[in-house]
Amino acid sequence: MKPISYRDELVVPPEVIDNLNHVNNVTYLQWVQDVGEKHWKAKAPQHIQEKYGWVVLNHYIEYKHPSYEGDTLTLTTWIESYSGVKCERKTEIYRKKDHKLVAKAKTLWCFIDLHKQKPQRIQPEISEPFFEL
């Protein structure tokens with residue numbers, strides 16, 4: 001099965017610039033989390049979203065090149081793999097003007113029942129919208 005990726009764009013706002021005049025590292029982590037959530041909301045049926053959700057178990061992020069105020073960034077994310085209650089999501093952030101990889105991340109998520117606040121096994125109805133069959 002081939003993952004169906006999700007793509008988003010943003011323009012770097014002034015409030016995320018640090019004292020070195022580039023995007024603060026913590027901001028990339030927030031963007032990684034945000035684009036993952038957007039992918040979930042775009043692909044998962046509403047009745048599933050109302051019952052289930054995700055919590056982060058860990059993030060691994062590599063910073064490759066800085067980005068600056070006004071840069072347009074393209075964020076692409078996809079589900080790399082899943083098993084049991086865990087899902088590995090990858091994200092790449094590119095600077096649009098020169099196609100340089102700015103950062104890439106790997107996030108391990110745990111699928112949960114929102115009402116019980118307990119891990120839930122990832123069933124085919126959950127994973128299928130994120131993969132080409």
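## Tyr 82 and its patch

Tyr 82 is partly exposed, with 31% relative accessibility. Partly exposed lies between buried (under 20% relative accessible area) and exposed (over 50%), with a 1.4 Å probe and protein chains only. Tyr 82 sits in strand β4, residues 72-83. Helices (H or I, at least four residues) and strands (E, at least two) are DSSP runs, numbered from the N terminus.

This is a predicted model: local features need pLDDT of at least 70, side-chain atom pairs count only at pLDDT 80 or more, and totals for chains, interfaces and linings use all residues. Residues are numbered from 1 along each chain as its sequence is written, and side-chain values use heavy atoms, leaving out hydrogens and water.

Met 1 and Leu 133 join Tyr 82 in a nonpolar surface patch, with about 380 Å² of accessible area together. Patch residues have over 30% relative accessible area and no salt bridge; nonpolar side chains (Val, Leu, Ile, Met, Phe, Trp, Tyr) are joined within 5 Å, like charges within 9 Å. A salt bridge is a side-chain nitrogen of Lys or Arg within 4 Å of a carboxyl oxygen of Asp or Glu. Areas come from the Shrake-Rupley method with a 1.4 Å probe; for residues, only the protein chains shown count as cover.

## Cysteines

The whole structure holds zero disulfides, a disulfide being a pair of cysteine sulfur atoms within 2.5 Å. The closest cysteine sulfur to that of Cys 87 is in Cys 110, 10 Å away, so it is too far for a bond. Cys 87 is buried at 4% relative accessibility. Cys 110 is buried at 7%.

## Ala 42

Ala 42 belongs to helix α1, residues 25-43. Its relative accessible area is 49%, so Ala 42 is partly exposed. Phe 130 is 88 residues away along the chain, yet the two C-alpha atoms are separated by 9.9 Å.
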